[in-house]
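Reader: I am new to this structure and would like a friendly tour. Could we look at it together?

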Amino acid sequence: MSAAVGAVSTTKDVSFNAHLEEEHKNKGTNKVGVNYDEAEEIVPDEDEEEEPKLELDLGPQFSLKEQLEKDKDDESLRKWKEQLLGNVDVSAVGEKIEPEVKIVSLTIICQGRPDLILPIPFTADSKKSMFTLKEGSQYRLKFSFTVSNNIVSGLRYTNVVWKTGVRVENTKKMLGTYSPQQEPYTYELEEEITPSGLFARGTYSARTKFVDDDRKCYLDASYRFEIQKNWPTPH
């Protein structure tokens with residue numbers, strides 16, 4: 001599995017536990033009297049929170065095949081393109097301008113536990129938890145995805161988590177820029193620890209998105225999960 005060069009950055013809200021402690025302090029003081037456990041949860045579009053993008057006229061776009069065939073007699077340009085794109089099979093890229101990214105799998109890796117592979121597309125039952133994690137356990141996320149047609153620029157992953165109507169985590173990760181290839185790319189995030197304690201346990205809702213620099217969205221999925229005192233008993 002190969003990976004293309006790209007900038008890597010992550011931004012997060014404060015930890016789960018800090019949010020949950022604040023939520024506990026404020027429990028019962030909601031002025032509008034909303035019971036978030038019973039109310040339908042509203043999940044805002046995270047893109048609306050971003051600063052407006054400056055629209056730039058970059059001129060006409062070309063398919064990857066056209067880009068590879070342009071200036072093919074220029075030795076310096078040819079070498080630069082080879083360095084940028086690697087071993088791209090020109091016969092497989094087609095002539096489409098828009099890149100296509102397919103998220104093949106999302107996997108939760110916990111030491112000493114079987115890998116938890118989330119089904120794509122996610123379950124249609126938004127009220128049912130997809131998985132359960134043990135409190136205070138170490139885990140990491142792994143993505144697998146394919147890129148076809150053209151180069152995808154600035155692919156990024158966002159994940160927002162709520163508990164009882166309060167946002168407790170907001171992760172944004174720049175994955176990078178990738179050229180088309182037949183083999184899937186894989187990307188692993190840093191290891192994290194699930195929150196622990198009485199107020200950390202319960203049901204969470206989350207929304208995961210993969211978008212590029214052009215704001216083209218390749219996956220937008222909402223789901224629920226649980227954090228409990230112990231791992232679930234195998235069936």
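Reader: Which strand gives the largest share of the lining of the largest cavity?

Author: Happy to help, and please keep in mind that this is a predicted model. Several elements give two or more residues to that lining, among them strand S2 (100-109), strand S6 (152-163) and strand S11 (217-228). The largest share is four residues, and the strand that provides them is S5.

Reader: How much space lies in the largest cavity?

Author: The structure holds one cavity of 30 Å³ or more. Of the 24 residues lining the largest cavity, those closest to its centre include Tyr139, Leu141 and Tyr157. By class, the lining has 16 nonpolar, five polar and three charged residues. The space in this cavity is about 310 Å³.

Reader: Let us turn to Ser137. Is Ser137 buried or exposed?

Author: Ser137 sits in the loop between strand S4 (129-134) and strand S5 (138-148). Leaving out residues up to four places away in sequence, Ser137 touches Glu192, Ile193, Thr194 and Trp231. Its relative accessibility is 9%, and buried means under 20%, so Ser137 counts as buried.

Reader: What lies 2.6 Å from a polar atom of the side chain of Ser137?

Author: A polar contact needs a pair of N or O atoms within 3.5 Å. Here a polar atom of the Ser137 side chain is one partner, and at 2.6 Å from this atom lies the backbone oxygen of Lys134.

Methods
Residues are numbered from 1 along each chain as its sequence is written. This is a predicted model: local features need pLDDT of at least 70, side-chain atom pairs count only at pLDDT 80 or more; totals for chains, interfaces and linings use all residues. Side-chain values use heavy atoms; hydrogens and water are left out. Buried means under 20% relative accessible area, exposed over 50%, partly exposed in between (1.4 Å probe, protein chains only). A polar contact is a pair of N or O atoms within 3.5 Å; within protein, one must be able to donate a hydrogen and the other to accept it, and residues adjacent in sequence count only if both atoms are side-chain atoms. Contact means heavy atoms within 4.5 Å. On a 1 Å grid over the protein atoms alone, a cavity is a set of points where a 1.4 Å probe fits but cannot get out, and a pocket is an open set with protein on both sides within 12 Å along at least five of seven lines; lining residues have an atom within 4 Å of a point. Grid points are joined across faces, edges and corners, and a volume is the space filled by probe spheres set on the points. Ala, Val, Leu, Ile, Met, Phe, Trp, Tyr, Cys and Pro count as nonpolar, Asp, Glu, Lys and Arg as charged, and the others, Gly among them, as polar.
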